[in-house]
Amino acid sequence: MRREFHLISIFLFIVTALFIASSCQKQPTVPDDKVSGCCGEFQLTVRDSAEHPVADLYVALLQSGDTIHVGWTTVSGIVSFDSLCPGDYSFIVADSSDFHPVIAYGHFTIDSCGKVQKHLTLSPRHGDGYSKRDSSDCCQSMLVVEVQDTTEAGTPIHGAAVVLKSVHGQPLDTKLTDVEGQVVFTSLCSGTYIVVVEADGYYRYENSVHIGCNDTTEYSVELAAVVECCDNRVWVQVQDREHQAVEGAWVELLDLGHRPVRVIRSGYTNADGVIVWEDLCTGRYLIRATYTIAGEHGDSLLIVAKEDFELECEDNKEIVLTLEPLRECCNHLLHVVLQDNRTSPPSPIADAEVRLRYPNGETIETAHTNDDGEAWFDGICRGTYEVRIAHPDYPVQEIVIEFPCKRQQLDLVVVFTGSTAQVRISTE
(Lines give C-alpha, C1' and ligand atoms only; values in the text may rest on other atoms or scores of the structure.)
Protein backbone atom coordinates (compact mmCIF):
# COMPACT_ATOMS: atom_id res chain seq x y z
CA MET A 1 0.00 0.00 0.00
CA ARG A 2 2.79 2.46 0.94
CA ARG A 3 4.56 1.72 -2.34
CA GLU A 4 1.40 2.54 -4.38
CA PHE A 5 0.81 5.73 -2.39
CA HIS A 6 4.41 6.77 -2.96
CA LEU A 7 4.10 6.28 -6.73
CA ILE A 8 0.87 8.25 -6.89
CA SER A 9 2.49 11.13 -4.98
CA ILE A 10 5.42 11.26 -7.38
CA PHE A 11 3.03 11.26 -10.38
CA LEU A 12 0.95 14.15 -8.96
CA PHE A 13 4.12 16.13 -8.22
CA ILE A 14 5.36 15.79 -11.82
CA VAL A 15 1.97 16.79 -13.29
CA THR A 16 1.78 19.85 -11.03
CA ALA A 17 5.32 20.93 -11.93
CA LEU A 18 4.62 20.63 -15.65
CA PHE A 19 1.43 22.68 -15.31
CA ILE A 20 3.22 25.45 -13.45
CA ALA A 21 6.09 25.53 -15.98
CA SER A 22 3.74 25.73 -18.93
CA SER A 23 1.71 28.53 -17.36
CA CYS A 24 4.87 30.57 -16.84
CA GLN A 25 5.99 30.33 -20.44
CA LYS A 26 5.73 33.45 -22.64
CA GLN A 27 2.63 33.49 -24.81
CA PRO A 28 3.30 33.05 -28.55
CA THR A 29 3.58 36.29 -30.51
CA VAL A 30 2.27 37.13 -33.93
CA PRO A 31 5.04 36.69 -36.52
CA ASP A 32 6.68 39.89 -37.71
CA ASP A 33 5.51 39.34 -41.26
CA LYS A 34 1.86 39.24 -40.05
CA VAL A 35 2.31 42.46 -38.10
CA SER A 36 3.95 44.24 -41.04
CA GLY A 37 1.17 43.19 -43.44
CA CYS A 38 3.28 40.68 -45.41
CA CYS A 39 0.73 37.93 -45.03
CA GLY A 40 -0.37 37.25 -48.60
CA GLU A 41 -0.23 33.80 -50.19
CA PHE A 42 0.15 32.60 -53.75
CA GLN A 43 -0.55 29.08 -54.98
CA LEU A 44 0.08 27.83 -58.52
CA THR A 45 -1.36 24.56 -59.80
CA VAL A 46 0.16 23.14 -62.99
CA ARG A 47 -1.55 20.44 -65.02
CA ASP A 48 -1.18 19.04 -68.50
CA SER A 49 -3.91 19.00 -71.17
CA ALA A 50 -5.31 15.77 -69.71
CA GLU A 51 -5.66 17.44 -66.28
CA HIS A 52 -2.79 15.41 -64.82
CA PRO A 53 -0.57 17.25 -62.30
CA VAL A 54 2.94 18.12 -63.55
CA ALA A 55 5.63 17.69 -60.89
CA ASP A 56 9.26 18.86 -60.60
CA LEU A 57 8.84 22.13 -62.49
CA TYR A 58 10.97 25.03 -61.29
CA VAL A 59 8.93 28.11 -60.31
CA ALA A 60 10.51 31.48 -59.55
CA LEU A 61 8.61 34.36 -57.95
CA LEU A 62 9.80 37.84 -58.94
CA GLN A 63 9.10 41.39 -57.85
CA SER A 64 10.48 44.42 -59.71
CA GLY A 65 12.60 42.04 -61.81
CA ASP A 66 14.32 40.42 -58.79
CA THR A 67 13.83 36.79 -57.77
CA ILE A 68 12.49 36.68 -54.20
CA HIS A 69 11.29 33.06 -53.85
CA VAL A 70 11.83 29.79 -55.72
CA GLY A 71 10.22 26.38 -55.49
CA TRP A 72 9.32 23.16 -57.30
CA THR A 73 5.90 21.76 -58.09
CA THR A 74 4.93 18.76 -55.97
CA VAL A 75 3.50 15.46 -57.17
CA SER A 76 0.15 17.24 -57.03
CA GLY A 77 1.48 19.89 -59.43
CA ILE A 78 1.28 22.58 -56.73
CA VAL A 79 3.78 25.15 -55.50
CA SER A 80 2.96 27.72 -52.79
CA PHE A 81 4.56 30.90 -51.45
CA ASP A 82 3.50 32.73 -48.30
CA SER A 83 4.43 35.84 -46.28
CA LEU A 84 4.01 38.01 -49.38
CA CYS A 85 3.74 41.78 -49.01
CA PRO A 86 1.11 43.75 -50.97
CA GLY A 87 2.30 44.53 -54.49
CA ASP A 88 2.66 43.28 -58.07
CA TYR A 89 4.47 40.00 -58.74
CA SER A 90 5.54 37.85 -61.69
CA PHE A 91 6.23 34.15 -61.85
CA ILE A 92 8.24 32.02 -64.26
CA VAL A 93 7.74 28.32 -64.77
CA ALA A 94 10.79 26.57 -66.22
CA ASP A 95 12.24 23.11 -66.71
CA SER A 96 15.32 23.91 -64.63
CA SER A 97 16.70 26.55 -62.28
CA ASP A 98 18.66 28.29 -65.06
CA PHE A 99 15.33 29.26 -66.68
CA HIS A 100 16.01 27.18 -69.82
CA PRO A 101 13.64 26.46 -71.28
CA VAL A 102 10.96 28.80 -69.98
CA ILE A 103 7.62 27.01 -70.15
CA ALA A 104 5.22 29.70 -68.97
CA TYR A 105 5.02 32.97 -67.08
CA GLY A 106 2.36 35.22 -65.58
CA HIS A 107 1.50 38.08 -63.25
CA PHE A 108 -0.63 38.62 -60.15
CA THR A 109 -1.26 41.20 -57.44
CA ILE A 110 -1.34 40.80 -53.67
CA ASP A 111 -3.71 43.37 -52.16
CA SER A 112 -3.84 42.27 -48.51
CA CYS A 113 -3.66 39.06 -46.50
CA GLY A 114 -5.68 37.12 -49.03
CA LYS A 115 -4.68 34.10 -51.09
CA VAL A 116 -4.20 34.25 -54.86
CA GLN A 117 -4.64 30.97 -56.72
CA LYS A 118 -3.75 30.42 -60.37
CA HIS A 119 -4.21 27.33 -62.49
CA LEU A 120 -1.90 26.70 -65.43
CA THR A 121 -2.66 24.17 -68.16
CA LEU A 122 0.30 23.19 -70.34
CA SER A 123 -0.51 22.54 -73.99
CA PRO A 124 0.81 19.29 -75.49
CA ARG A 125 3.86 19.64 -77.71
CA HIS A 126 4.04 16.16 -79.20
CA GLY A 127 1.52 13.34 -78.86
CA ASP A 128 -0.69 13.05 -75.79
CA GLY A 129 0.14 14.70 -72.50
CA TYR A 130 3.19 16.85 -71.85
CA SER A 131 6.84 15.86 -71.87
CA LYS A 132 8.86 18.64 -70.29
CA ARG A 133 12.27 17.12 -71.05
CA ASP A 134 11.66 16.01 -74.63
CA SER A 135 14.57 17.47 -76.63
CA SER A 136 12.45 17.37 -79.79
CA ASP A 137 9.84 19.81 -78.44
CA CYS A 138 11.28 22.92 -80.15
CA CYS A 139 13.25 24.02 -77.08
CA GLN A 140 16.78 23.41 -78.39
CA SER A 141 17.03 26.61 -80.46
CA MET A 142 20.03 28.93 -80.42
CA LEU A 143 20.22 32.72 -80.83
CA VAL A 144 23.50 34.37 -81.85
CA VAL A 145 23.49 38.15 -81.38
CA GLU A 146 26.23 40.19 -83.05
CA VAL A 147 26.64 43.82 -81.94
CA GLN A 148 28.60 46.39 -83.94
CA ASP A 149 28.63 50.13 -84.46
CA THR A 150 27.08 51.97 -87.39
CA THR A 151 30.35 52.92 -89.09
CA GLU A 152 31.16 51.57 -92.55
CA ALA A 153 33.71 49.23 -90.99
CA GLY A 154 31.08 47.77 -88.67
CA THR A 155 33.42 47.56 -85.67
CA PRO A 156 32.36 44.93 -83.08
CA ILE A 157 31.39 46.36 -79.69
CA HIS A 158 33.00 44.49 -76.80
CA GLY A 159 31.28 44.44 -73.39
CA ALA A 160 27.79 45.43 -74.54
CA ALA A 161 25.02 44.10 -72.29
CA VAL A 162 22.51 41.98 -74.22
CA VAL A 163 19.27 41.22 -72.37
CA LEU A 164 16.89 38.55 -73.66
CA LYS A 165 13.29 39.14 -72.57
CA SER A 166 9.95 37.43 -73.03
CA VAL A 167 7.30 39.14 -75.16
CA HIS A 168 5.85 40.55 -71.92
CA GLY A 169 9.17 42.15 -70.97
CA GLN A 170 10.28 39.62 -68.35
CA PRO A 171 14.13 39.35 -68.35
CA LEU A 172 15.23 35.79 -69.10
CA ASP A 173 19.01 36.08 -69.46
CA THR A 174 21.75 38.72 -69.70
CA LYS A 175 25.19 38.33 -71.29
CA LEU A 176 28.10 40.59 -72.28
CA THR A 177 29.47 40.54 -75.81
CA ASP A 178 32.93 39.08 -76.37
CA VAL A 179 35.78 40.66 -78.36
CA GLU A 180 33.95 39.68 -81.55
CA GLY A 181 30.86 41.53 -80.37
CA GLN A 182 28.86 38.32 -79.98
CA VAL A 183 26.75 36.53 -77.37
CA VAL A 184 25.03 33.15 -77.68
CA PHE A 185 21.79 32.08 -76.02
CA THR A 186 21.10 28.35 -76.08
CA SER A 187 18.24 25.95 -75.19
CA LEU A 188 15.58 28.42 -76.29
CA CYS A 189 12.02 27.43 -77.14
CA SER A 190 10.60 28.56 -80.47
CA GLY A 191 8.69 31.84 -80.32
CA THR A 192 9.14 35.59 -80.20
CA TYR A 193 11.58 37.29 -77.83
CA ILE A 194 12.72 40.86 -77.15
CA VAL A 195 16.40 41.76 -77.51
CA VAL A 196 17.70 44.77 -75.59
CA VAL A 197 21.28 45.98 -76.10
CA GLU A 198 23.03 48.69 -74.08
CA ALA A 199 26.62 49.93 -74.19
CA ASP A 200 28.38 53.01 -72.83
CA GLY A 201 28.49 55.81 -75.38
CA TYR A 202 25.76 54.30 -77.59
CA TYR A 203 22.02 54.67 -77.90
CA ARG A 204 19.92 51.89 -76.39
CA TYR A 205 18.54 49.27 -78.81
CA GLU A 206 15.35 47.23 -78.39
CA ASN A 207 13.50 45.06 -80.92
CA SER A 208 11.77 41.70 -81.27
CA VAL A 209 13.16 38.54 -82.88
CA HIS A 210 11.37 35.31 -83.83
CA ILE A 211 13.14 32.00 -83.27
CA GLY A 212 12.16 28.87 -85.17
CA CYS A 213 11.91 25.30 -83.95
CA ASN A 214 15.36 23.98 -82.95
CA ASP A 215 17.01 26.46 -85.34
CA THR A 216 20.07 28.67 -85.04
CA THR A 217 19.10 32.32 -85.53
CA GLU A 218 21.74 34.95 -86.27
CA TYR A 219 20.67 38.45 -85.27
CA SER A 220 22.72 41.58 -86.06
CA VAL A 221 22.43 44.79 -84.05
CA GLU A 222 23.93 48.15 -84.99
CA LEU A 223 24.37 50.68 -82.20
CA ALA A 224 24.58 54.37 -83.03
CA ALA A 225 27.11 56.37 -81.03
CA VAL A 226 25.69 59.12 -78.85
CA VAL A 227 26.48 62.46 -80.44
CA GLU A 228 25.93 65.70 -78.55
CA CYS A 229 24.46 67.69 -81.41
CA CYS A 230 21.76 70.17 -80.43
CA ASP A 231 22.00 72.87 -83.09
CA ASN A 232 19.18 71.56 -85.30
CA ARG A 233 16.24 73.57 -86.61
CA VAL A 234 12.66 72.67 -87.56
CA TRP A 235 10.45 74.93 -89.71
CA VAL A 236 6.76 74.00 -89.76
CA GLN A 237 3.93 75.39 -91.85
CA VAL A 238 0.30 74.44 -91.25
CA GLN A 239 -2.18 74.67 -94.13
CA ASP A 240 -5.73 73.60 -94.91
CA ARG A 241 -6.87 71.28 -97.70
CA GLU A 242 -6.93 74.24 -100.13
CA HIS A 243 -3.23 74.81 -99.32
CA GLN A 244 -4.00 78.08 -97.52
CA ALA A 245 -1.89 79.01 -94.49
CA VAL A 246 -3.64 78.52 -91.14
CA GLU A 247 -2.94 81.18 -88.51
CA GLY A 248 -3.40 80.27 -84.85
CA ALA A 249 -3.02 76.51 -85.18
CA TRP A 250 -1.69 74.91 -82.00
CA VAL A 251 1.48 72.91 -82.76
CA GLU A 252 3.29 70.51 -80.40
CA LEU A 253 6.66 68.79 -80.76
CA LEU A 254 6.93 65.40 -79.02
CA ASP A 255 10.19 63.61 -78.19
CA LEU A 256 9.69 59.97 -79.24
CA GLY A 257 13.05 58.96 -77.82
CA HIS A 258 11.88 59.68 -74.29
CA ARG A 259 9.80 57.17 -72.30
CA PRO A 260 7.11 58.15 -71.66
CA VAL A 261 6.76 60.33 -74.77
CA ARG A 262 6.62 63.99 -73.78
CA VAL A 263 5.91 67.39 -75.36
CA ILE A 264 9.09 69.47 -75.42
CA ARG A 265 8.02 72.49 -77.53
CA SER A 266 4.63 74.06 -78.36
CA GLY A 267 3.11 77.24 -79.73
CA TYR A 268 0.73 78.89 -82.22
CA THR A 269 1.43 79.48 -85.91
CA ASN A 270 1.87 83.06 -87.14
CA ALA A 271 0.01 84.83 -89.95
CA ASP A 272 1.92 82.73 -92.50
CA GLY A 273 0.92 79.50 -90.72
CA VAL A 274 4.55 79.06 -89.62
CA ILE A 275 6.26 78.16 -86.36
CA VAL A 276 10.03 77.63 -85.97
CA TRP A 277 11.99 75.78 -83.29
CA GLU A 278 15.77 75.88 -82.94
CA ASP A 279 18.46 74.26 -80.78
CA LEU A 280 16.93 70.80 -81.07
CA CYS A 281 19.04 67.71 -80.39
CA THR A 282 19.31 64.71 -82.69
CA GLY A 283 16.60 62.08 -82.26
CA ARG A 284 13.11 60.95 -83.28
CA TYR A 285 10.21 63.38 -82.99
CA LEU A 286 6.52 63.67 -83.76
CA ILE A 287 4.91 66.97 -84.63
CA ARG A 288 1.18 67.47 -84.11
CA ALA A 289 -1.04 70.40 -85.14
CA THR A 290 -4.65 71.04 -84.07
CA TYR A 291 -7.18 73.72 -85.00
CA THR A 292 -10.84 74.23 -84.08
CA ILE A 293 -13.49 75.63 -86.44
CA ALA A 294 -17.29 75.90 -86.38
CA GLY A 295 -19.14 72.78 -87.57
CA GLU A 296 -22.23 72.58 -89.74
CA HIS A 297 -24.56 72.53 -86.73
CA GLY A 298 -22.88 75.30 -84.77
CA ASP A 299 -20.67 72.94 -82.81
CA SER A 300 -16.88 72.86 -82.83
CA LEU A 301 -14.97 70.66 -85.26
CA LEU A 302 -11.40 69.70 -84.44
CA ILE A 303 -9.04 69.31 -87.37
CA VAL A 304 -5.61 67.77 -86.95
CA ALA A 305 -2.38 66.84 -88.70
CA LYS A 306 0.75 65.05 -87.56
CA GLU A 307 4.04 63.69 -88.88
CA ASP A 308 6.98 61.86 -87.31
CA PHE A 309 10.55 62.47 -88.41
CA GLU A 310 14.18 62.12 -87.33
CA LEU A 311 16.74 64.85 -86.81
CA GLU A 312 20.38 64.23 -87.65
CA CYS A 313 23.31 66.41 -86.71
CA GLU A 314 23.20 69.97 -88.15
CA ASP A 315 19.78 69.23 -89.65
CA ASN A 316 17.42 71.90 -91.00
CA LYS A 317 14.02 70.30 -91.43
CA GLU A 318 11.07 71.88 -93.26
CA ILE A 319 7.67 70.25 -92.70
CA VAL A 320 4.29 71.15 -94.19
CA LEU A 321 1.24 69.82 -92.33
CA THR A 322 -2.17 69.66 -94.02
CA LEU A 323 -5.09 69.75 -91.60
CA GLU A 324 -7.87 67.17 -91.98
CA PRO A 325 -11.24 67.18 -90.17
CA LEU A 326 -11.00 64.74 -87.28
CA ARG A 327 -14.66 63.96 -86.66
CA GLU A 328 -15.70 62.85 -90.15
CA CYS A 329 -13.03 60.14 -90.21
CA CYS A 330 -12.94 58.98 -86.59
CA ASN A 331 -16.06 56.84 -86.26
CA HIS A 332 -14.39 53.53 -87.03
CA LEU A 333 -14.70 50.38 -84.94
CA LEU A 334 -12.14 47.57 -84.71
CA HIS A 335 -13.40 44.16 -83.60
CA VAL A 336 -10.69 41.59 -82.79
CA VAL A 337 -11.53 37.89 -82.39
CA LEU A 338 -8.96 35.27 -81.29
CA GLN A 339 -9.61 31.52 -81.60
CA ASP A 340 -7.72 28.25 -81.06
CA ASN A 341 -8.37 25.90 -83.99
CA ARG A 342 -7.03 22.81 -82.19
CA THR A 343 -10.49 22.18 -80.74
CA SER A 344 -13.78 21.56 -82.51
CA PRO A 345 -15.43 23.99 -82.68
CA PRO A 346 -12.57 26.51 -82.29
CA SER A 347 -12.32 27.76 -78.69
CA PRO A 348 -11.98 31.47 -77.80
CA ILE A 349 -8.64 32.75 -76.48
CA ALA A 350 -9.16 34.91 -73.40
CA ASP A 351 -6.81 37.36 -71.64
CA ALA A 352 -4.65 38.05 -74.72
CA GLU A 353 -3.06 41.49 -74.88
CA VAL A 354 -4.13 43.47 -77.98
CA ARG A 355 -2.34 46.73 -78.72
CA LEU A 356 -3.45 49.27 -81.32
CA ARG A 357 -0.36 51.19 -82.42
CA TYR A 358 0.73 53.83 -84.89
CA PRO A 359 3.16 52.63 -87.61
CA ASN A 360 6.05 54.13 -85.59
CA GLY A 361 5.28 51.74 -82.71
CA GLU A 362 3.62 54.27 -80.39
CA THR A 363 0.78 52.56 -78.52
CA ILE A 364 -2.63 54.22 -78.88
CA GLU A 365 -4.73 51.86 -76.76
CA THR A 366 -4.38 48.47 -75.08
CA ALA A 367 -7.16 45.94 -74.47
CA HIS A 368 -7.44 42.31 -73.34
CA THR A 369 -9.72 39.74 -74.91
CA ASN A 370 -12.74 38.67 -72.86
CA ASP A 371 -14.00 35.13 -72.24
CA ASP A 372 -15.35 35.07 -75.81
CA GLY A 373 -11.90 35.92 -77.19
CA GLU A 374 -13.03 39.40 -78.28
CA ALA A 375 -11.60 42.90 -77.91
CA TRP A 376 -13.03 46.20 -79.18
CA PHE A 377 -11.55 49.56 -80.16
CA ASP A 378 -13.88 52.48 -80.90
CA GLY A 379 -13.44 55.98 -82.32
CA ILE A 380 -10.49 55.12 -84.58
CA CYS A 381 -9.50 57.76 -87.12
CA ARG A 382 -8.65 57.25 -90.76
CA GLY A 383 -5.13 55.97 -91.37
CA THR A 384 -2.76 53.02 -91.16
CA TYR A 385 -2.29 51.14 -87.89
CA GLU A 386 -0.56 48.09 -86.48
CA VAL A 387 -2.34 45.56 -84.26
CA ARG A 388 -0.04 43.59 -81.94
CA ILE A 389 -1.44 40.43 -80.31
CA ALA A 390 0.44 38.66 -77.49
CA HIS A 391 -0.44 35.67 -75.30
CA PRO A 392 1.92 33.37 -73.38
CA ASP A 393 0.58 30.25 -75.13
CA TYR A 394 0.65 31.55 -78.72
CA PRO A 395 3.13 33.26 -81.08
CA VAL A 396 3.02 37.06 -81.24
CA GLN A 397 1.15 38.49 -84.22
CA GLU A 398 1.71 41.96 -85.70
CA ILE A 399 -0.90 42.87 -88.31
CA VAL A 400 -1.15 46.06 -90.39
CA ILE A 401 -4.65 47.44 -91.01
CA GLU A 402 -5.96 50.57 -92.71
CA PHE A 403 -9.12 52.63 -92.27
CA PRO A 404 -10.34 54.85 -95.13
CA CYS A 405 -12.95 57.48 -94.34
CA LYS A 406 -16.00 55.50 -95.49
CA ARG A 407 -15.31 52.31 -93.55
CA GLN A 408 -17.24 51.89 -90.29
CA GLN A 409 -16.30 48.52 -88.78
CA LEU A 410 -13.38 46.16 -89.38
CA ASP A 411 -13.46 42.58 -88.10
CA LEU A 412 -10.01 41.09 -87.49
CA VAL A 413 -10.19 37.34 -86.85
CA VAL A 414 -6.99 35.48 -85.91
CA VAL A 415 -7.19 31.67 -85.72
CA PHE A 416 -4.21 29.92 -84.10
CA THR A 417 -3.22 26.34 -84.90
CA GLY A 418 -0.22 25.52 -82.73
CA SER A 419 2.65 27.78 -83.77
CA THR A 420 0.88 29.15 -86.87
CA ALA A 421 -1.97 31.59 -87.31
CA GLN A 422 -4.46 32.50 -90.04
CA VAL A 423 -5.69 36.08 -90.31
CA ARG A 424 -9.04 37.08 -91.79
CA ILE A 425 -10.07 40.72 -92.25
CA SER A 426 -13.63 41.69 -93.19
CA THR A 427 -15.60 44.93 -93.12
CA GLU A 428 -19.18 45.99 -92.46
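**Entry 1. Overall**

What percentage of the 428 residues in the protein is buried? I looked this up before anything else. The model is a predicted one, and in it buried residues make up 39% of the 428. I then listed the secondary structure and found two helices and 31 strands. For contacts with a separation of 6 or more, I noted that 56% are between residues 24 or more positions apart. The exposed area of the protein is about 23900 Å², and carbon and sulfur atoms supply 49% of that area.

**Entry 2. Strand β1**

I went to threonine 45, which has its place in strand β1, residues 40–48. Is threonine 45 buried or exposed? Its relative accessible area is 6%, and the cut-off for buried is under 20%, so threonine 45 counts as buried. I left aside neighbours within four places in sequence and found threonine 45 in contact with Gly77, Ile78, Lys118, His119 and Leu120.

I then checked the strand as a whole. Seven of the nine residues of β1 are buried, so the rest of the structure largely encloses this strand.

Which strands does β1 pair with? With β4 (residues 78–84), β1 runs antiparallel, and five bridges join the two. Glycine 40 has leucine 84 as its bridge partner in β4. With β7 (residues 115–122), the pairing of β1 is parallel and covers eight bridges. On that side I noted valine 46, whose bridge partner in β7 is leucine 120.

**Entry 3. The sheet around β8**

I looked up an open sheet of three strands, in the order β11-β8-β14, and recorded its pairing as mixed. β11 (182–188) and β14 (216–223) are at the edges with a single partner strand each, so each has one side without a neighbour in the sheet. From one strand to the next, the twist averages 20°.

For β8 (residues 141–149) and β14, I found parallel pairing over eight bridges. Within this pair of strands, valine 145 stands opposite tyrosine 219 of β14.

**Entry 4. Nonpolar cores**

Which residues of the largest nonpolar core touch the most other members? This core has 23 residues, and the answer is Leu143, Val145, Val147 and Val197. I listed the elements that give two or more residues to this core: β8, β9 (161–165), β11, β12 (191–198), β13 (205–211) and β14.

I took valine 147 as the example. Not counting residues up to four places away in sequence, valine 147 touches Pro156, Ile157, Ala160, Val162, Thr177, Gly181, Val197, Val221 and Leu223.

I also found a second, separate core of 22 residues, which includes Val336, Leu338, Ala352 and Ala375.

**Entry 5. The sheet around β25 and β28**

The next sheet I looked up is open and antiparallel, with four strands in the order β26-β25-β28-β29. β26 (363–368) and β29 are the edge strands, and each pairs on one side only. The twist here averages 20° from one strand to the next.

Inside the sheet, β25 (residues 353–357) and β28 (residues 383–391) pair in the antiparallel sense over five bridges. I noted leucine 356, which has valine 387 as its bridge partner in β28.

**Entry 6. Aromatic pairs**

How many aromatic pairs does a search of the whole structure find? I got 10. I wrote down two of these pairs in detail.

In the pair of tyrosine 285 and phenylalanine 309, the ring centres are 6.0 Å apart and the planes are at 25°. Planes under 30 degrees apart count as stacked, so I entered this pair as stacked. Tyrosine 285 is in β19 (residues 283–294) and phenylalanine 309 in β20 (residues 300–311), so the pair links distant parts of the chain, 24 residues apart. Both tyrosine 285 and phenylalanine 309 are buried.

For tyrosine 394 and phenylalanine 416, I have ring centres 4.9 Å apart and planes at 50°, so this pair is tilted. Tyrosine 394 belongs to β29 (residues 394–403) and phenylalanine 416 to β30 (residues 409–417), so the pair ties together parts 22 residues apart in sequence. Tyrosine 394 and phenylalanine 416 are both buried. I noted that β29 is the strand already entered as an edge of the four-strand sheet.

I closed the list with a cluster. Phe42, Tyr89, Phe91 and Phe108 together form one aromatic cluster.

Key. Residues are numbered from 1 along each chain as its sequence is written. This is a predicted model: local features need pLDDT of at least 70, side-chain atom pairs count only at pLDDT 80 or more; totals for chains, interfaces and linings use all residues. Side-chain values use heavy atoms; hydrogens and water are left out. Buried means under 20% relative accessible area, exposed over 50%, partly exposed in between (1.4 Å probe, protein chains only). Contact means heavy atoms within 4.5 Å. Accessible areas come from the Shrake-Rupley method with a 1.4 Å probe; for residues, only the protein chains shown count as cover. Rings of Phe, Tyr and Trp (its six-membered ring) pair if their centres lie within 6.5 Å; planes under 30 degrees apart count as stacked, over 60 as edge-to-face and the rest as tilted. Two strands pair if DSSP finds at least two bridges between them. Axes are lines fitted to C-alpha atoms, for helices over the stretch in contact, and angles run from 0 to 180 degrees between N-to-C directions. A nonpolar core is a set of buried Ala, Val, Leu, Ile, Met, Phe, Trp, Tyr and Cys residues joined through side-chain atoms within 4.5 Å.
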